[in-house]
Amino acid sequence: MKILLIADIHANLEALRTVLDVPHDRAICLGDIVDYGPDPDKCIDFLQKKNIPTIRGNHDNAVAFKMDCQCGYKYKHLSIATREYTWGVLDDSRMEYLQKLPLVIKEEINGKKLFLTHASPRSMFEYIKPETPDEDILAMIADPMEPVDVEFLVVGHSHIPMNRKLEDLTIINPGSVGQPRDGDTRAGCAVFDTETGDVEFFRLEYDIDAVCAKIEERMPYAEELTGILKRGY
């Protein structure tokens, strides 16, 4: 089975539609559907229509429960400003959808055990990046509240693609669908092969200009928001 892994959509409908065209048998979303982009409602509707299991990210949590997203200082003012826009777009049913999203999805397929969450197993705010020290990651996965006893840990949150081995654990991050932060403006996703354990990463062109036009028409801080999309960071 080939599982399409998507994360960090951030209300970018054009990018979301594009990555779902990658051939796959199932799809799983690692969270952060909302904030920063112009179409949070349509992205939620799209995931629901496709019956895609979705994890609650820190931005989904902030919108759903009107809490601090605890995101990085560089982008925090944009998160706060666009959250007001997002609340104006989402109706009660979509807010309830965000509130009810799980924090963890566990799968066992073809003998492969997967632990999927937005950020780290113990917190939706912690980053696991390519440069995160091994000892920090080991502390995250040893948390007694949610210990990780699997072969594959799948996360989002950093917006940076990653396939990293740590002892017997493989850590996968598919990158960001709608807000890449690695200098590549294309939409990111990955496909996990449950038979082989292999991961294939994809970067796909999509209509950034259409997204930017909607941001400029509807949203605060439009110049900063479109600049991030056009730079890829």
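User: Two strands pair if DSSP finds at least two bridges between them. In this predicted model, how many bridges does strand β8 share with β9?

Analyst: Start with strand β8, which covers residues 187-193. One spot to look at is Val191, which stands opposite Glu200 in β9. The cut-off for pairing is at least two bridges, and β8 and β9 pair in the antiparallel sense over six bridges.

User: Okay, and which strands are at the edges of the sheet that holds them?

Analyst: That sheet is open and has four strands with mixed pairing, in the order β2-β1-β8-β9. An edge strand here pairs on one side only. Reading the order from end to end, the edges are β2 (26-29) and β9 (199-204).

User: How much are neighbouring strands of this sheet turned against each other on average?

Analyst: Look along the order β2-β1-β8-β9 and compare each strand with its neighbour. Ignoring direction, the average turn is 25 degrees.

User: There's another open sheet, with five strands. What's the average twist from one strand to the next there?

Analyst: This one runs β3-β4-β5-β7-β6, again with mixed pairing. Its edge strands are β3 (104-109) and β6 (162-166), each pairing on one side only. Going from one strand to the next, the twist averages 20 degrees.

User: Which residue is the bridge partner of Ile109 in β4?

Analyst: First find the two strands: β3 and strand β4 (residues 112-117) run antiparallel and are joined by six bridges. Within β4, the partner of Ile109 is Lys112.

User: Helix α6 lies across some strands. At about what angle does it run to β6?

Analyst: Helix α6 takes in residues 134-141. It lies across β5 (152-154), β6 and β7 (169-173). Its angle to β6 is about 85 degrees.

User: Is Asn58 buried or exposed?

Analyst: Asn58 sits in helix α3, residues 58-65. Buried means under 20% relative accessible area. Asn58 has 0% relative accessibility, so Asn58 counts as buried.

User: Which side chain makes a polar contact of 3.0 Å with the side chain of Asn58?

Analyst: Leaving out residues up to four places away in sequence, Asn58 touches Asp32, Cys69, Cys71, His118, Met124, Phe125 and His157. Its side chain has a polar contact with that of His157, at 3.3 Å. The 3.0 Å contact goes to the side chain of His118.

User: How many residues are in the largest nonpolar core?

Analyst: Residues with the most contacts inside that core are Ile6, Leu16, Val19, Leu20, Ile33, Leu47 and Leu98. Take Leu20: not counting residues up to four places away in sequence, it touches Leu4, Ile6, Ala27, Phe46 and Ile52. A second, separate core has 16 residues, including Val154, Ile172, Ala190 and Val199. The largest core has 48 residues.

User: Why is Cys43 not bonded to Cys29? And how many disulfides does the model have?

Analyst: A disulfide needs cysteine sulfur atoms within 2.5 Å. The closest cysteine sulfur to that of Cys43 belongs to Cys29, but it is 9.4 Å away, so that is too far for a bond. Cys189 is in no disulfide either, with its nearest cysteine sulfur, that of Cys29, 12 Å away. By this rule, the number of disulfides is zero.

User: What relative accessible area does Cys189 have?

Analyst: Anything under 20% counts as buried. Cys189 is buried, because its relative accessible area is 0%.

Definitions and conventions. Residues are numbered from 1 along each chain as its sequence is written. This is a predicted model: local features need pLDDT of at least 70, side-chain atom pairs count only at pLDDT 80 or more; totals for chains, interfaces and linings use all residues. Side-chain values use heavy atoms; hydrogens and water are left out. Axes are lines fitted to C-alpha atoms, for helices over the stretch in contact, and angles run from 0 to 180 degrees between N-to-C directions. Buried means under 20% relative accessible area, exposed over 50%, partly exposed in between (1.4 Å probe, protein chains only). Contact means heavy atoms within 4.5 Å. A polar contact is a pair of N or O atoms within 3.5 Å; within protein, one must be able to donate a hydrogen and the other to accept it, and residues adjacent in sequence count only if both atoms are side-chain atoms. A nonpolar core is a set of buried Ala, Val, Leu, Ile, Met, Phe, Trp, Tyr and Cys residues joined through side-chain atoms within 4.5 Å.
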